[in-house]
Amino acid sequence: MAKKNQTLGEFIIENQASFKYTSGELSRLINSIRLAAKVVNHEVNKAGLVDIIGAAGETNIQGEDQQKLDVYANDKFIQTLTNRNIVCGIASEEEDDFIIVNSQDENHQNKYVVLIDPLDGSSNIDVNVSVGTIFSVYRRVTPVGTPVKLEDFLQKGSEQVAAGYVVYGTSTMLVYTTGDGVNGFTLNPAIGTFYLSHPNIQFPEDGKIYSVNEGNYIHFPIGVKKYIKYCQEEEGDRPYTSRYIGSLVSDFHRNMIKGGIYMYPKSSKNSNGKLRLLYECNPMAFLAEQAKGKASDGFNRIMEVQPTELHQRIPFFCGSKNMVEKAEEFMREYSE
Ligand code: AHM
Ligand code: MG
């Protein structure tokens with residue numbers, strides 16, 4: 001039973017027993033993500049001090065090489081997950097190929113693979129706008145004790161056992177699900193502890209916010225253009241408010257709390273949109289559905305799409321159930 005102000009550590013221990021494959025492995029994995037999140041948070045918060053501590057590519061006063069933050073975040077998450085020996089494979093938006101962990105160790109019985117977008121929306125860092133880490137966890141499908149293969153990563157989103165994000169915002173939060181609702185933990189930076197601040201988060205069924213990059217309007221499919229016009233019409237509870245940060249984690253987080261829809265449709269420039277199915281859309285879709293929202297490619301449930309490649313892109317419509325269904329209605333009616 002989630003108790004407000006419980007620490008993330010306490011919550012993980014308390015909920016371990018309710019998880020259906022209760023070996024403690026998933027708990028250790030979430031614990032590692034918690035640790036990496038704190039390390040990355042510390043670095044992200046220093047980003048504005050670039051003139052003082054040196055820019056990416058330079059060497060700082062302590063003689064350390066300054067890395068770009070997305071590279072730093074990638075390294076930290078991979079290091080933490082591999083050092084602690086709790087996963088058998090990792091795929092990252094920042095890496096061309098997946099990483100095999102400890103294939104030499106015959107006793108290595110780890111069964112989970114992690115897919116990660118270490119620092120999503122990183123172009124926002126220079127201007128002090130929130131960024132995030134997105135993660136997704138699957139049980140491997142190939143036998144334990146052997147090196148992981150591509151098929152361990154190319155699983156449908158519906159096979160996820162856990163997913164979540166860290167938002168490095170006005171406060172830093174870790175929000176995740178293991179398939180039993182969505183809980184949000186806020187970091188107290190003074191003592192480095194995450195506390196349960198948002199138990200059982202749920203999308204309002206209806207919302208009044210639409211989030212889309214309207215600069216791409218002329219390139220959008222007709223169904224999306226019609227839906228945007230619908231959002232702007234004066235009728236009932238409309239027009240809706242437009243809010244677009246350009247940082248998926250932050251846009252999703254706000255919409256989940258206030259009610260809204262996030263869209264990154266295909267366009268005449270990008271036939272599959274921009275977002276990645278494995279690192280961005282599937283974890284957000286799992287969270288959305290666990291929070292009573294919905295996620296679709298405009299026509300079908302995101303989590304039912306069979307991935308064919310690691311860095312695959314897909315159109316994405318995600319948020320309050322009734323809003324996503326309305327957008328789908330327009331997509332169907334005006335499909336080209
Ligand atoms: P990234 O993985 O290169 O950071 O790109 C993903 C980001 C999302 O966080 C955000 O919603 C989207 O790209 C914004 O794209 P655009 O600037 O085209 O609107
Ligand atoms: Mg990304």
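This report describes the sheets, a helix pair, a magnesium site and some backbone features of a predicted model.

## The eight-stranded sheet

Eight strands form an open sheet in the order E2-E1-E3-E4-E5-E6-E7-E8, and the pairing is mixed. Strand E2 (99-100) and strand E8 (193-198) are the edge strands, each of which pairs on one side only. Strands of a sheet pair through backbone hydrogen bonds, either parallel or antiparallel.

At the E8 edge, strand E7 (residues 183-188) runs antiparallel to E8 and is joined to E8 by five bridges. Leu187 has Phe194 of E8 as its bridge partner, and Gly184 stands opposite His198 of E8. The two strands E7 and E8 make a hairpin with four residues between them. Within the turn, Gly192 has a positive phi of about 70°.

## Helices on the sheet

Helix H4 (residues 69-83) packs on the eight-stranded sheet. The strands touched by H4 are strand E1 (89-92), E2, strand E3 (112-120), strand E4 (131-139) and strand E5 (162-168). The direction of H4 makes about 160° with that of E3.

H7 also packs on this sheet, where H7 touches E3, E4, E5, strand E6 (172-177) and E8. The direction of H7 makes about 105° with that of E5.

## Packing of H7 and H8

Two packed helices are described by the angle between their axes and the distance between the axes. For helix H7 (residues 248-258) and helix H8 (residues 277-290), the angle is about 15° and the axes are 12 Å apart. Because of this angle, H7 is roughly parallel to H8. The crossing of H7 past H8 is right-handed.

H7 contributes Leu248, Val249 and Phe252 to the contact, while H8 contributes Glu280, Met284, Leu287 and Ala288. Of these contact residues, six are nonpolar, none is polar and one is charged.

## The magnesium site

Four residues supply the protein donors of the magnesium ion (ligand 2): Glu93 (OE), Asp117 (OD), Asp120 (OD) and Glu280 (OE). These donors lie 1.9 to 2.7 Å from the ion. Along the sequence, the donor residues follow the spacing E-x23-D-x2-D-x159-E.

The pair Glu93 and Glu280 links distant parts of the chain, 187 residues apart. Glu93 is in the loop between E1 and E2, and Glu280 is in helix H8. Glu280 is also among the residues of H8 that make the contact with H7.

## The five-stranded sheet

A further open sheet has five strands in the order E10-E9-E11-E13-E12, with mixed pairing. Its edge strands are E10 and strand E12 (294-296), and each pairs on one side only. E12 pairs with strand E13 (residues 316-319) in the antiparallel sense, over three bridges. One of the residue pairings places Lys294 opposite Gly319 of E13, its bridge partner.

## Backbone features in loops

Most residues other than glycine have a negative phi, and most peptide bonds are trans. Asn128 has a positive phi near 65° although the residue is not glycine. Asn128 is located in the loop between E3 and E4.

Arg238 and Pro239 are joined by a cis peptide bond, with omega about 5°. Pro239 lies in the loop between helix H6 (222-232) and strand E10 (241-242). The strand that follows this loop, E10, is an edge strand of the five-stranded sheet.

Conventions:
Residues numbered from 1 in each chain as written. Chains lettered and ligands numbered in written order. Predicted model: local features only at pLDDT ≥ 70, side-chain atom pairs only at ≥ 80, totals over all residues. Heavy atoms only, no water. Axes fitted to C-alpha atoms, helices over the stretch in contact; angles between N-to-C directions. Parallel < 35°, antiparallel > 145°, perpendicular 65-115°, else oblique. Left-handed = near helix turned anticlockwise from the far one by under 90°. Contact = heavy atoms within 4.5 Å. Nonpolar A, V, L, I, M, F, W, Y, C, P; charged D, E, K, R; others polar. Pairing = 2+ DSSP bridges. Donors = N, O, S within 2.8 Å, 3.2 Å for Na, K, Ca; no water.
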